[in-house]
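Let's walk through this model together, starting from one small strand and working outward to the whole assembly. Keep the 3D view open as you read.

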Amino acid sequence: MALFAELRRRNVLKVALLYVVASWLILWFVRNTSGALGLPAWADTFVMLLLAIGFPVALIFAWVYEITPAGLRKAVDVDQTQSIVYKTGQKLNAAVAVLLVLGVLALFGERLMPKFEFLVPGVPEGDPPAGTAAPADIRSLTLANGLKVIVWPDHDIPNVVFYNFVRAGSRNEYPGITGLAHFFEHMMFNSTENLPPGEFDRRMEAAGGSNNAYTSNDLTVYMDWFPKTALETIVALEADRLQNLSFEPDVIESERGVVASERRTRVDNSRIGQLVEQMYATAFIAHPYQFPTIGWASDIAAWTRADLTAFYRTYYAPNNCTVVFTGDVTPAEVFALAEEYFAPIPRQPAPPAVRTVEPPQLGPRRLLLEVAAQTPLLHMAFHGGAAADPQTEPLNLLLSILVDGDSSRLHRALVEDAGIAISVAGWQDEGFDPGLVYFYATLPAGGDPAAVEAALLAELERVVAGDVTEAELAKAKNIRLAGYWRDLATIDGKAAALGEYEVLKGGYEQLFTLPDRLEQITLADLAAAAERIFDPAGMTVGVLAPPASEAPDR
Amino acid sequence: MKSLCRALLCVTLCGLAGASFGQDVRLPERTRVVLDNGVTLVLAEKHEVPLIGVEAVLEGGAITDPGSQAGLSALLAGLLEKGAGTRDAAAFAEAVAAVGGTLSAGADLEAITVSGEFMSRDADLMVELLADMLQRPALAEDEFDKLKNRAAEFIRAAKDSNLGALVPLYGRALLFGQHAYGRPVSGSEASLAAIRHADVQRHYEAQLGADRLVIAVAGDFDTAAMQAKLTDAFAGWRAAAQPLHEVPPPAPLTGRRVLLVDKPGATQTYFWLGNVGVAVTYPQRAELDIANTVFGGRFTSILNNALRIESGLTYGAFSSLSRHAAPGSLAIYSFTETASTMAAVDMALDLLGAFRTSGIDAAQVTSAKNYILGQFAPRLETAAQLAGAFAELEQYGLGTDYIDGYGPAVAAAEAASINAVIAEVYPVPADLAIVLLGDAEKMRDAAAGYGPVVEMPITEPRFKAPAAEPAVAGQRSK
C-alpha cells in the first residue's frame, strides 16, 4: 500500500493515463493521415511500437524525477515539504481532460464528415484518359510495384464494383498442372496468414458485399460487389489474399473435392461440355489453349502444394494484375487506399512468356464421341486471331450476322428452314494468343450430323464469297451498339468492359472508340475476315452421337 | 498488430453506425395510368444511357394450362414472337434485330411476359411491335409445329447436358402432385405431344386480353409522348374471353416421398429436398429473406459452408423459395459424387433440422441484414430492371412499399421474430419431397433409406412420377 501511495504521490498513475490517452490520439492521427501523406503502410505499426517502448520509460522517468520550482530534480532529493507534486497532478489532470475532448471531437468529426480527405501534395491524382472519347472523370494510376488501378466514378447507386484481372489462365499451364489456374481461383477464397478458411467471405458478406470469380484460357478475374461503406474492408481483404495466401494441406484436399465436383457438373455430366473439351484438345496440338480450363481429372487429383506455391509467387504479383473500381467512389479515396494496401506488396519478376505458337493446321481434323445421348451434337471450329487483332471487331459483326437471334443466317438455315438442328450458336475467343472461332449445333433426336455439317459449311462459303448485304451489316452494328450501351448501363458492366479493353485490347480508352470504329467497318472488311478464318484446311469438326446400335429411329 | 488495431477501430465505428446503407433504395417517380379497357401503364424516365426497357405482363400463365397440356402457355408465348401484324416470323425477328433491339416472350407459372430493350431512337418501332405481338399475332400453324417439336427436343437435350435445370421440375411435380404449381411451365415431352394448333388459338382468345395486361416502361423517353403512343396502341384491345381463376393454396406435404430418376452412367447425384413455402404476399418477407440468406442463400450460408467449404462434397449447395400468388416451394438443392450421395443428403437433412430448432444468432442476423441491404441497390440499377419491378408490383397488387419499405423492414427485423418465421416456414426433415437424380444402380439402397421410393428412367417423357405413392404420415427414416 505504501508503494501505491507513493506512486500516486509522485503522479506516476496520472502520467500513465496521460500517456495512454496521448498515444491513442497520435495513433488515430497517423492512421488517418498515412495514406494522404504517402507514408508506408507499416508506419502506424511502427509508431505503435515506439509508443509501447516509451511507456515503461515514461513511468520510470515519472517515478525517478519530480518537477520543482527550481526545475527537474530526482524525487528522492526533493524536500517533501517543498514538493509541488499536487500542482503538477492538477496540470496532468487538465492535460488528460483536454486530450480526451480532442479525441472525442476527432472521432465525431470523422463520423459526421462525409470523408476526411487531406489535400496534401503527394496524394496521387492519377492520369486522365488518353484521347477525347473516354469520359473525362476516369483516372488511372500505376503504383511503384507495377499494379495499375483504374477508377470510373458513377454515383447513380451507392454501390461499388471491384475487378482484379490476373494475367494467369490455362494458357500458363503444362501437362501435370492443367487446371491449376482455375484451382487457384478457388484457393484465393480460402485462408491467408491473417485469416482462417472461410473468413474472407464471412467478412465480405458481413460488410454487405458479395463476390465471384472466373478463369479463362488467358485470365483469372476476381469480382466484388459491395456498398460504398465497405470500400476499405474490401481493399484490405483483396490486398491480404494477394500477398498472404496460405496453403494448408487439409484445405487443399477439401478444395480438390469441390473442383472435382465442378468438373463433374460442367464436363463429365454434360455432353456439350465433353465435346467442347475434346474439340480444343484436337484443334490445338502445341499451344496450351488445348488444355481444359478446369483441368484434366487426373491433374486435379494429383497437383501438389509445391505447384501451388510456385504458381502463386509467379502470377499473383502486383505487376501481373490490373484492378478496376467503378461506382460510388472518388479516384482520390481509391488511390489513397491503393497506396496504403496494395503498394507494399512486392513486385515479382515477370512471368515466363508463353513461347509456343500453334503451327498452321494442314487439313481438317475430325473427332467422334460415341456416348449415350438422345440429342446428337455437331461442333465446328476454325483458328481465329487474338483479341487485339484488328479483325476481331469485323469478325464479331460477321458472327452476329451468322448466329445472333432468330433472324441470323445459321438459325434461319439450320433451325427454321431445314429443321435439321434445334439450336445453333457460336463465339470467337478473345485472348492474348490466336484462339478459335467456334460454332455449335444441337440436333433433334435421330438427327443427321453430316447434313448439319454440310449446311453449316455452305453458309460459311456464302459469307466467304462476299454475299453479306449492307442491311445485314447495319443490323450487326446496331446489335453491337445496343449491347455496348447495355454493358455501360451498370457499374458491373462498366468495370468488366474497362478491364477487358485494358488487359486484352490495347488500353481501356479503346472501349470508348468502339462506336466510331464500328461505323468504319465495311462489307469488304467482313469478307476479308471470312476468307482468312473460314479455311477448310484449318477446320476441326466434332460429332457426339450415340453408338449406331442405340440411335433412335426417326 | 496493425490489423488488430484496425479491426478494433472498425468494431467501434460499426457499433456506433450499424448498417445505414440499402435502406434508402427507392423506386423512382413514375406515372401510372389505367386505360378504359383495363390496360395498366406504368412509366418511369431514366436517362443515363440511350435505352428503353419494357416489360408487358399478362396475368394467367402456366396455371391456366389444362392438366394434360402443360406447356400450352409457354408455346403460346413462343408463338407470339413468330410473326404478327403484317410481318411473318422471319420479318418480325428481322425488324427487332435490325435496330439492335430485343423482344422476347415467355411464360412462368402465373403470367406470360414480354420483355424488351430498344435504343431510345426506336421507341415507335418498339410500341408497334409490342402491340402487334399481343393484339395481332399470326399464330401460324407451321411455326407452331416447329416450336412444339423443338420444345420437346430441348428437354431431351437438357437430359444430356443440363441435369441441374431439370431437378426442380421433378421436385415440384413430386411435391405439388395435381396442383397447378406441380406442372412444368415448358411442358414435358408427353404433355407437349398432346397440344394441337387449335388449342393454342383457343388459349390466346381465352387468356390474353386488355384486362390482364400491365405494361411497364422505363428509360430514356418523354413520359407524355410515351403514354400517348401506348394509349393509342392498346386502348382498342378486347378483354380476355375467360375470367382469371384463383389458385387454391397447395397442401403442405406430410411425411416423405422419394423419387429416384435413373441416369445410367451419371457420375454424380443431383438432389432436391422440398416442401410448400410461402406466397409472394407473406407478411414477414424481410425476416424470411434474412433466414434464407443465412441458411442457403449466399456463399457462406449454413448449407454451402458445410457441404462445400468444410467438406468439399459439392461445388454448391443452396436453398431457395419460389413465391407466387399462393405458396410455392421451399427447396434445398445440391449435387455430389455418386458415392457420397448419402453423406451429402444426410448432412443437408441434419442442417435443416438443426436450423429449425436452433435458429440463428445475433451475429448471423447482422451479417445477413448487411448482405441483403448491400446487394439491394444493384437490383434496381437499369431501366429494364425497373420496368420488371414495376410490372411485378402490378401483377401481384403490391404497393410501392414492397420495395421502398423493404430496406427499413430488413434493418428492423429482430432475431426472435426471424426464429419464429424459421420454425413456421421451414419444413421438418420428416416432411419432404426428395428427388435423387443419378445412377440409380449405385444408390438404390441409399434412396430407400429416405422413405417410400418411386423410380423412373430419365428417358421417361414426363416429370411426374408414374404412380406417386401416398406419403406415409409421420414416417421418419433417419
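B:Gly106 has B:Thr113 as its bridge partner in β5(B). This is a predicted model, and that pair belongs to the contact between strand β4 (residues 102-108) of chain B and β5(B), which run antiparallel and are joined by seven bridges. If you follow the chain from one strand to the other, you will find a hairpin with two residues between β4(B) and β5(B).

β5(B) also pairs with β3(B), again in the antiparallel sense, this time over nine bridges. One place to look is B:Ala56, which stands opposite B:Val114 in β5(B). How many of the nine residues of β5(B) are buried? Eight of them are, leaving the strand mostly covered.

**A helix from the other chain**

Part of the surroundings of β3(B) and β5(B) comes from chain A. The buried residues of α16(A) pack against β3 (51-59), α3 and β5 of chain B, together with α13 (392-403) and α19 (523-533) of chain A. Those buried residues are A:Glu472, A:Leu473, A:Lys475, A:Ala476, A:Ile479, A:Ala482 and A:Arg486. An α-helix has 3.6 residues a turn, so residues three or four places apart point the same way. As for its geometry, α16(A) covers residues 470-487, and its 18 residues should span 26 Å at 1.5 Å a residue; the end C-alpha atoms are 26 Å apart, which agrees.

**The contact between the chains**

Stepping back, the contact takes 62 residues from chain B and 63 residues from chain A. On the chain B side, the elements that give two or more residues are α1 (2-17), α3 (89-98), β5 (111-119), α5 (141-161), α6 (163-176), α11 (302-310), β10 (327-337) and α13 (362-374). Which of the elements gives the largest share of this side? That is α5(B), with nine residues. By class, the chain B side has 27 nonpolar, 21 polar and 14 charged residues.

α13(B), one of the elements on that list, deserves a closer look. Its 13 residues reach 18 Å from the first C-alpha to the last, close to the 18 Å expected at 1.5 Å a residue. Because 10 of the 13 residues are buried, α13(B) is largely enclosed by the rest of the structure. Among the buried ones are B:Gln364, B:Lys369, B:Asn370, B:Tyr371 and B:Leu373. Both chains help to cover them: the cover includes α6 (199-206) and β7 (220-227) of chain A, together with α10 (285-296), α16 and α17 of chain B.

**An exposed loop residue**

Two of the helices just named, α16 (406-412) and α17 (415-425) of chain B, are linked by a loop that holds B:Glu414. Is B:Glu414 buried or exposed? B:Glu414 counts as exposed because it has 12 C-beta neighbours inside 10 Å. The C-alpha atom of B:Glu414 is separated by 10.0 Å from that of B:Ile290, although their positions lie 124 residues apart along the chain.

**The nonpolar core**

The largest nonpolar core has 282 residues, and those with the most contacts inside it are B:Tyr170, B:Ala348 and B:Val435. α6(B) gives the most to this core, with nine residues. For a look at the packing, try B:Ala348: leaving aside its neighbours within four places in sequence, it is in contact with B:Leu273, B:Leu303, B:Leu307, B:Ala317, B:Ile332 and B:Ser334.

**The two chains side by side**

Finally, here are the overall values for each chain.

| Property | Chain A | Chain B |
|---|---|---|
| Helices and strands | 19 helices, 13 strands | 18 helices, 12 strands |
| C-alpha box | roughly 115 × 50 × 40 Å | roughly 60 × 60 × 40 Å |
| Buried residues | 43% of 554 residues | 55% of 478 residues |

What do the radii of gyration say about chain A and chain B? Chain A has 32 Å, well over the 24 Å that the globule rule gives for 554 residues, so it is more spread out than a compact globule. For chain B, the value is 24 Å, which agrees with the figure near 23 Å for a compact globule with 478 residues.

Contacts that are distant in sequence feature in both chains. Among contacts in chain A between residues at least 6 apart in sequence, 78% join residues at least 24 apart. In chain B, residues 24 or more positions apart account for 82% of the contacts with a separation of 6 or more.

Technical notes. Residues numbered from 1 in each chain as written. Chains lettered and ligands numbered in written order. Predicted model: local features only at pLDDT ≥ 70, side-chain atom pairs only at ≥ 80, totals over all residues. Contact = placed C-beta atoms within 7 Å. Helix = DSSP H or I, 4+ residues; strand = E, 2+ residues; numbered from the N terminus. Nonpolar A, V, L, I, M, F, W, Y, C, P; charged D, E, K, R; others polar. Core = buried A, V, L, I, M, F, W, Y, C linked by C-beta atoms within 7 Å. Buried ≥ 20, exposed ≤ 12 C-beta atoms within 10 Å, placed from the backbone. Expected span 1.5 Å × (residues − 1). Rg over C-alpha atoms; globule rule 2.2 N^0.38 Å. Pairing = 2+ DSSP bridges.
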